[in-house]
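Work through the exercises below with the sequence and the structure open. Each task is followed by a solution in steps.

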Amino acid sequence: MRRIKPALREVRRLARQYSLGISQEAKETGSLIGGAYRIARARLGYGVGPLYYSLYRFSTVPQSEWGNYVTDDPAFKERLRGMSRPAMHRIAQNKALMYQHCVRHGVPTIPVFCLIGDSPDPLGPEVRSGNDLAEWRAVMQSSPGDLFVKSVDGTYGEGSFAVSHVRENLYRYEGVEGTIDDLHRHIQAKLSQEKGWIVQPRIRSHPGLGGVVSSHGLATARVVTAMQEGAARAVVAGFKVTVGTNATDNFSKGASGNLLAGIDLATGTLSRAWGSRRKDWPEITDFEIHPETGKKIAGFTLPLWNDLVQCALRAQESLPELRSAGWDIAISERGVLVVEANLTYDLSILQIAHQRGLKREISSVLESAQR
């Protein structure tokens with residue numbers, strides 16, 4: 001029975017995905033049978049299931065181009081991991097370790113006030129401990145203001161939360177209010193979910209982004225870089241547009257409500273943005289303007305773009321044995337700041353942002369980067 005239940009859940013999940021995918025394709029093409037055929041063709045011929053079929057708007061993409069799209073393919077991710085030594089994987093995965101690396105190599109990044117819990121890897125003196133209540137109080141005494149808390153080695157911003165400094169010793173976080181000691185207990189209670197949590201200042205977006213992003217989450221550019229002939233090269237970039245009260249800019253396959261826009265590497269100019277009409281299934285559509293502010297996204301040139309590209313190249317060159325990475329870099333009130341590195345860098349968000357497949361382009365870059 002224990003084995004049957006997970007199998008039944010998986011069958012129901014797949015059945016729902018195919019039902020939603022076929023229904024959406026039928027709406028786009030006007031034919032239920034034709035929609036079912038195209039989705040079956042994508043799955044059997046190209047390994048693309050209904051979720052990615054909908055994310056990539058394959059109803060509008062010629063079949064001759066379907067094979068140029070990367071999905072959530074374990075083999076492709078393993079290829080990316082296999083290009084670099086495991087020690088490089090750990091630096092990219094462990095946010096406290098990456099912060100320490102950036103400090104030591106002069107790469108601008110968001111400060112880490114302290115770590116509560118444990119790090120999966122040994123850390124140096126750059127990262128203070130906040131496990132003891134006295135240590136925590138000492139850290140916070142010199143670090144007033146709004147905060148952001150995230151897992152030391154988590155992905156997709158899972159479990160992250162913002163902390164608002166209401167007044168003196170009162171903070172608001174995850175629907176409650178409490179003192180600085182209450183906040184410490186709250187984070188410690190979350191150690192049942194993650195090994196450790198890092199505490200950072202809450203960074204706001206650059207004022208020059210006003211209206212193009214919401215005022216709540218910190219929007220970042222995802223810049224893919226690779227080492228080629230001993231030098232770093234920027235390959236492709238996309239911008240994650242925050243919407244509503246989202247604390248992070250994660251796209252979450254359209255479920256978050258955030259948007260994605262392509263970036264012209266030479267100029268920092270945005271394409272129109274793309275996002276989902278609904279949260280339970282990706283019905284991807286274009287957004288020329290921000291849905292809340294009415295600010296035009298398409299054609300907007302990002303401030304500090306040259307600084308951002310140089311920051312990505314500098315970060316890549318500081319880790320030459322990490323042959324390729326996807327850097328999330330914020331254009332913030334403090335300038336450009338590395339938020340994190342992504343070893344497998346989720347090409348789906350860049351393919352949605354640019355509305356084209358990137359498999360051939362990225363594969364060529366990876367082949368060159370391995371030499």
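**Exercise 1. A helix against a sheet**

Task: In this predicted model, find which strands helix α7 lies across, and give its angle to β1.

Solution:
- Locate α7 at residues 133–141.
- The strands it lies across are β1, β2 (147–151), β4 (170–173) and β6.
- Relative to β1, the helix runs at about 150°.

**Exercise 2. Strand order and edges**

Task: State the order of the strands in the open sheet of 6 strands, then say which strands stand at the edges.

Solution:
- Reading across the sheet gives β1-β6-β2-β3-β4-β5, and the pairing is antiparallel.
- The edge strands are β1 (114–117) and β5 (176–178); each has a single partner strand, so one side of each is left without a neighbour in the sheet.
- From one strand to the next, the twist averages 25°.
- Pairing of this kind in sheets is made through backbone hydrogen bonds.
- For β1, the antiparallel pairing with β6 (residues 196–201) covers 4 bridges.
- Within that pairing, Leu115 has Ile198 of β6 as its bridge partner.

**Exercise 3. Classifying ring pairs**

Task: Classify the aromatic pairs Tyr56 with Phe58 and Phe58 with Trp66.

Solution:
- The model has 8 aromatic pairs in total.
- Tyr56 and Phe58 have ring centres 6.0 Å apart and planes at 40°, which is a tilted pair.
- Phe58 and Trp66 have centres 5.0 Å apart and planes at 5°; planes under 30 degrees apart count as stacked, so this pair is stacked.
- Tyr56 and Phe58 are buried, and Trp66 is buried as well.
- These residues belong to one aromatic cluster, made up of Tyr46, Tyr52, Tyr53, Tyr56, Phe58, Trp66 and Tyr69.

**Exercise 4. Positive phi**

Task: For Arg57 and Glu174, find the loop that holds each residue, then check phi and accessibility.

Solution:
- Most residues other than glycine have a negative phi.
- Arg57 has a positive phi, near 50°, and sits in the loop between α3 (50–55) and α4 (74–82).
- Its relative accessibility is 22%, so Arg57 counts as partly exposed.
- Glu174 also has a positive phi, near 45°, and its loop joins β4 and β5.
- With a relative accessible area of 42%, Glu174 is partly exposed.

**Exercise 5. Nonpolar cores**

Task: Which residues have the most contacts inside the largest nonpolar core, and which helix gives the most to it?

Solution:
- The largest core has 45 residues, and Phe239, Leu270, Leu302 and Trp327 have the most contacts inside it.
- Helix α9 (residues 305–317) gives the most, with 7 residues.
- Beyond four places in sequence, Phe239 is in contact with residues including Leu209, Val212, Leu259, Ile263, Leu270 and Leu302.
- Another core, of 37 residues, lies apart from this one; among its members are Val48, Val236, Trp281 and Leu366.

**Exercise 6. The surroundings of Ala237**

Task: Is Ala237 buried or exposed, and what does Ala237 touch?

Solution:
- Ala237 lies in strand β8 (residues 231–241).
- Its relative accessibility is 0%, so Ala237 is buried.
- Setting aside residues up to four places away in sequence, Ala237 touches Arg222, Val223, Gly262, Ile263, Leu265, Trp305, Leu350 and His354.
- Gly45 is 192 residues from Ala237 in sequence and 29 Å away in space, C-alpha to C-alpha.

Key:
Residues are numbered from 1 along each chain as its sequence is written. This is a predicted model: local features need pLDDT of at least 70, side-chain atom pairs count only at pLDDT 80 or more; totals for chains, interfaces and linings use all residues. Side-chain values use heavy atoms; hydrogens and water are left out. Two strands pair if DSSP finds at least two bridges between them. Helices (H or I, at least four residues) and strands (E, at least two) are DSSP runs, numbered from the N terminus. Axes are lines fitted to C-alpha atoms, for helices over the stretch in contact, and angles run from 0 to 180 degrees between N-to-C directions. Contact means heavy atoms within 4.5 Å. Rings of Phe, Tyr and Trp (its six-membered ring) pair if their centres lie within 6.5 Å; planes under 30 degrees apart count as stacked, over 60 as edge-to-face and the rest as tilted. Buried means under 20% relative accessible area, exposed over 50%, partly exposed in between (1.4 Å probe, protein chains only). A nonpolar core is a set of buried Ala, Val, Leu, Ile, Met, Phe, Trp, Tyr and Cys residues joined through side-chain atoms within 4.5 Å.
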